[in-house]
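Got your viewer open? Here's a short walk through the model, one selection at a time.

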Amino acid sequence: MRHILTPAATTGLAALEAQLAQDLEFLELPAKPWVPERWRGGAPVRDAVVIGAGMCGLAATAKLVLTGITNVVTYDAAPAGFEGPWVTFARMQTLRSPKTLNGPSLGLPQLTFRAWFTAQWGLEAWQSLDKIPRGQWMDYLVWYRKVLALPVRNSVRMTGVAPVDDLIAIDVEGAETGRVLTRHLVLATGRSGLGGFAVPDFLKGIDRTYWAHSADDIDFDALKGKRVAVIGAGASSMDNAATALEAGAGSVDMLIRRKEMPRINKLTGIGSQGVVHGICHLPDAWKWKFFDYTASTQTPPPRSSTLRVSRHPNARFFLDCGILAVKQDAGGLLVETTQGPMRYDFLIAATGFSNDFSDRPEFAALAPHIRTWSDGRYTPDMGPPRAEMSEAPDLGPAFEFRERVSGSCPMLAHIHCFNDAAMLSHGKVSGDIPAVSAGADRLVRGITTSLFAEDVETHFANLVAYDTPELLGDEWADSTPLLQKEAVQ
């Protein structure tokens with residue numbers, strides 16, 4: 001449910017913004033800019049460029065600016081107000097996270113969703129709110145960007161990355177076109193991470209008029225009266241199935257490979273600050289063990305999302321129903337499954353995303369050099385191999401990439417993977433709402449350390465050159481001469 005803005009709500013929001021401004025002033029935020037300017041070939045050099053202005057990109061940008069790293073810019077390919085999945089391919093009715101999580105607030109109470117909501121609609125409305133409507137979460141993120149005056153530029157797509165001496169050159173096109181030089185690059189590219197859609201082999205070669213990935217822009221109205229299949233039993237599977245049913249699909253079948261639906265969200269059960277801050281420091285074998293276990297048990301779809309599907313009499317759940325092959329013919333799609341052949345007009349693949357860098361031409365210069373967990377970090381004694389984990393990037397403490405071959409691509413040390421692909425190295429701090437503030441803090445601490453160390457000679461020179469006196473010389477009298485008089489006496 002979306003709440004209607006009233007004059008009182010607008011007044012309440014203005015009061016919240018005034019309180020936030022005062023809090024920032026009390027905390028001396030943003031900190032004073034401290035990074036020396038750099039120029040190259042007559043062009044200014046950015047201290048950091050963030051790619052992606054979704055939740056993680058905004059949190060990273062805000063933390064950079066608040067830390068005094070102000071020579072930054074954030075690019076997003078989407079128009080303003082359409083960044084991230086919330087009003088595009090996310091099709092759940094509400095967020096899955098509890099409404100009380102502080103999300104990207106960076107430790108500032110007045111920057112939380114709760115403060116934003118209650119300022120406009122009051123405590124009673126907050127108490128009656130169950131989960132946050134996804135459209136309202138987008139409204140909050142739009143406000144977050146506005147109230148912090150974040151340097152976001154929309155409708156700009158990064159098309160390439162290349163080294164220029166000790167800098168990173170980014171090619172962009174769209175509302176801004178050209179080449180941007182930066183010292184650090186943050187890839188806040190969301191669920192898609194570094195790759196693209198994970199597409200099963202049985203769909204390769206099938207005409208795209210017959211199927212879509214769950215993150216595609218799907219014309220659900222065109223599915224009215226059609227036989228639809230949805231692959232998987234995850235949250236996005238349920239959301240897409242429900243959307244098709246609500247649009248009037250003739251039938252929707254959930255094709256679920258597992259024999260039983262997953263029922264327990266294991267990571268939610270152990271959620272704590274220990275997990276947030278501790279997983280990244282665990283030995284690799286323990287990291288693998290945690291995420292291998294959660295991958296094997298899987299995350300169940302929310303109860304509300306599942307009921308949203310099952311309330312329709314023309315929805316069916318087929319368990320232990322793996323797909324062997326898909327063929328297209330005059331009658332649509334013939335899907336060969338472990339439960340026998342099935343006929344459909346359209347299929348939705350809720351099969352997630354891949355870290356296959358070759359799917360993203362803008363990463364062409366990076367892909368061959370990025371070290372992954374399969375490059376020696378994973379060893380067989382950790383547990384069974386998992387392709388989706390083995391292909392995850394092997395990241396450093398500030399989410400920075402590491403080289404597959406030392407010296408082959410030095411700029412990787414200044415490119416930070418602040419997206420879902422970082423999970424195996426860092427835990428779930430750069431993709432989901434619960435710990436994104438902790439992730440942004442970890443990221444920016446690393447960038448801050450790097451920038452200061454690289455400019456250490458300049459900072460030392462500034463130390464030596466600083467000559468504003470604290471004492472003017474008239475604050476005391478030298479009593480040393482009195483010692484001679486006292487000695488004579």
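How do strands β14 and β15 pair, and over how many bridges? Keep in mind that this is a predicted model, then select residues 323-329 for β14 and 332-337 for β15. The two run antiparallel to each other, with six bridges between them. They make a hairpin, with two residues separating the strands. To see one of the bridges, show A325: its partner in β15 is E336.

Stay on β15 and add residues 340-344, which is strand β16. This pairing is antiparallel too, over five bridges, and again a hairpin makes the link, through two residues. Pick L334 and look across to β16, where R343 stands opposite. Now put a surface on everything else: β15 is largely enclosed by the rest of the structure, because five of its six residues are buried.

Next stop, the interior. As a rule, nonpolar side chains in soluble globular proteins tend to be buried together. Here the largest nonpolar core has 88 residues, and the members touching the most others are W137, Y144, L185 and I415. Color helix α2, residues 55-66, and you have the element that gives the most to this core, with nine residues.

Center on W137 and show what surrounds it. Setting aside residues up to four places away in sequence, W137 touches M55, W86, L95, P104, F113, I132 and I433. There is also a second, separate core of 21 residues; A244, A247, F346 and I348 are among them.

Now for the cysteines. How many disulfides does the structure hold? Zero. Select C56 and C417 to check one case: the closest cysteine sulfur to that of C56 is in C417, 11 Å away, so the two are too far apart for a bond. C56 is buried, at 10% relative accessible area. Hop over to C321 and you'll find another buried cysteine, with 1% relative accessibility.

Last selection: G250. Where is G250 found? Look in the loop between α5 (235-246) and β12 (251-255). With a relative accessible area of 37%, G250 counts as partly exposed. Show its surroundings and, neighbours within four places in sequence aside, you'll see contacts with L223, G225, K226 and N314. Finally, draw a C-alpha to C-alpha distance from G250 to V228: the two are 7.6 Å apart in space, with their positions 22 residues apart in sequence numbering.

Notes: Residues numbered from 1 in each chain as written. Predicted model: local features only at pLDDT ≥ 70, side-chain atom pairs only at ≥ 80, totals over all residues. Heavy atoms only, no water. Core = buried A, V, L, I, M, F, W, Y, C linked by side-chain atoms within 4.5 Å. Buried < 20%, exposed > 50% of the residue type's maximum accessible area, 1.4 Å probe, protein only. Helix = DSSP H or I, 4+ residues; strand = E, 2+ residues; numbered from the N terminus. Contact = heavy atoms within 4.5 Å. Pairing = 2+ DSSP bridges. Disulfide = S-S within 2.5 Å.
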